[in-house]
Amino acid sequence: MVEETHIAPDADALVTSTDPSHGGLQVGMASSLSEPGRYDISTDIIRKEREEAFPLDKGPSIVYIAPSGVQKERIKPEHIFVLPYPQAPPPTPYTFLRKPELSLKESACTPLFWNAFDLRDAGSCIHTHSQHAVMATLLWPGETFEISHQEMIKGVRLGGIGKAMSYLDKLVVPIIENTPHEEDLRDSMAEAMKQYPDAAGVLVRRHGVYVWGPDWERAKTQAECLDYLFEIGVKMKLANLPTTLD
């Protein structure tokens with residue numbers, strides 16, 4: 001994909017701030033808080049927030065994207081890419097407000113993160129290569145991972161951004177097939193999100209999972225809850241225990 005860059009005046013100001021809640025700082029913070037043993041160092045985190053000059057209910061947003069090729073726990077604000085939102089979908093070139101001075105590339109997951117913004121109005125999206133997620137896609141050969149009657153389900157929101165689910169709810173996460181190139185997952189992920197509007201994430205077989213939320217804190221919380229549910233679901237399957245109850 002050809003990329004288009006319109007560097008904003010004083011572009012570095014987009015990723016530097018004394019405010020700890022600033023999006024450019026929080027992408028690095030959220031990445032550093034991911035657990036290498038559980039989420040893998042290839043966790044990608046993206047954050048979308050409204051520009052301060054606009055009311056929260058309208059106006060453009062800016063998107064902070066982590067780079068590829070940098071250990072996520074070592075990401076610094078100066079490594080962050082900044083893009084305006086919304087933008088035309090691929091294959092239209094991306095417009096960047098800021099690129100790092102280092103020779104870095106934005107996450108290959110960017111078109112998939114855009115699905116979370118466009119289809120769920122999410123404020124943040126996380127992608128992990130969790131082994132529990134991968135194992136779940138292998139032990140559930142169909143189109144969905146399903147589990148019920150687990151306390152951790154209460155940490156997941158309907159559609160990733162709605163009300164919290166109940167212990168009595170059945171959690172359903174769609175599974176899509178992997179592709180050699182990550183960006184080629186965009187259409188199948190979008191279709192799965194439309195087919196399962198209550199899902200808080202999308203599993204990719206033999207690859208990992210995408211999870212989103214209203215902000216990075218709640219996206220991370222849901223990623224942790226889903227990872228727990230994938231792990232216990234896999235253990236239940238291997239123990240020949242049913243993962244859903246009537």
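Is F117 buried or exposed? In this predicted model, F117 is buried, its relative accessibility being 2%. The legends below begin with this residue and its partner.

**Figure 1. The aromatic pair of Y85 and F117.** The two rings are arranged edge-to-face, with 5.7 Å from centre to centre and 75 degrees between the planes. Because Y85 belongs to strand β5 and F117 to helix α3, the pair ties together parts that are 32 residues apart in sequence. Y85 also counts as buried, at 11% relative accessibility. Both residues belong to a cluster linked by ring pairs, which further includes F81, Y94, F96 and W114. The count of aromatic pairs comes to nine.

**Figure 2. Lysine side chains over aromatic rings.** The charged end of K99 sits over the ring of F96, 4.7 Å from the ring centre. F96 is also one of the residues in the cluster of linked rings. At W140, K237 lies over the face, at 4.8 Å from the ring centre.

**Figure 3. The largest nonpolar core, with 25 residues.** V63, L83, M189, Y210 and W212 have the most contacts inside this core. At least two core residues come from each of β3 (61-65), β5 (81-85), α3 (110-120), α5 (186-195), β11 (201-204) and β12 (208-213). Helix α3 gives the most, with five residues. Residues up to four places away in sequence being left out, M189 touches L112, N115, I176, V202, Y210 and W212. Another core, of 24 residues, lies apart from this one and has I126, F230, V234 and M236 among its members.

**Figure 4. The surroundings of C125, a cysteine in no disulfide.** A search of the whole structure finds zero disulfides. For C125, the nearest cysteine sulfur is that of C109, 8.3 Å away, whereas a disulfide would require the two sulfur atoms to be within 2.5 Å. C125 counts as buried, with 0% relative accessibility. Another cysteine, C225, is buried as well, with a relative accessible area of 6%.

**Figure 5. A164 in the loop between β9 and β10.** The loop that holds A164 runs between strands β9 (144-148) and β10 (170-176). A164 is partly exposed, with a relative accessible area of 43%. Its C-alpha is 8.5 Å from that of I153, and the two residues are eleven residues apart in sequence. When neighbours within four places in sequence are set aside, A164 is in contact with K154, V156 and R157.

Key: Residues are numbered from 1 along each chain as its sequence is written. This is a predicted model: local features need pLDDT of at least 70, side-chain atom pairs count only at pLDDT 80 or more; totals for chains, interfaces and linings use all residues. Side-chain values use heavy atoms; hydrogens and water are left out. Buried means under 20% relative accessible area, exposed over 50%, partly exposed in between (1.4 Å probe, protein chains only). A nonpolar core is a set of buried Ala, Val, Leu, Ile, Met, Phe, Trp, Tyr and Cys residues joined through side-chain atoms within 4.5 Å. Helices (H or I, at least four residues) and strands (E, at least two) are DSSP runs, numbered from the N terminus. Contact means heavy atoms within 4.5 Å. Rings of Phe, Tyr and Trp (its six-membered ring) pair if their centres lie within 6.5 Å; planes under 30 degrees apart count as stacked, over 60 as edge-to-face and the rest as tilted. A charge sits over a ring if NZ of Lys or CZ of Arg is within 6 Å of the ring centre and within 35 degrees of the ring normal.
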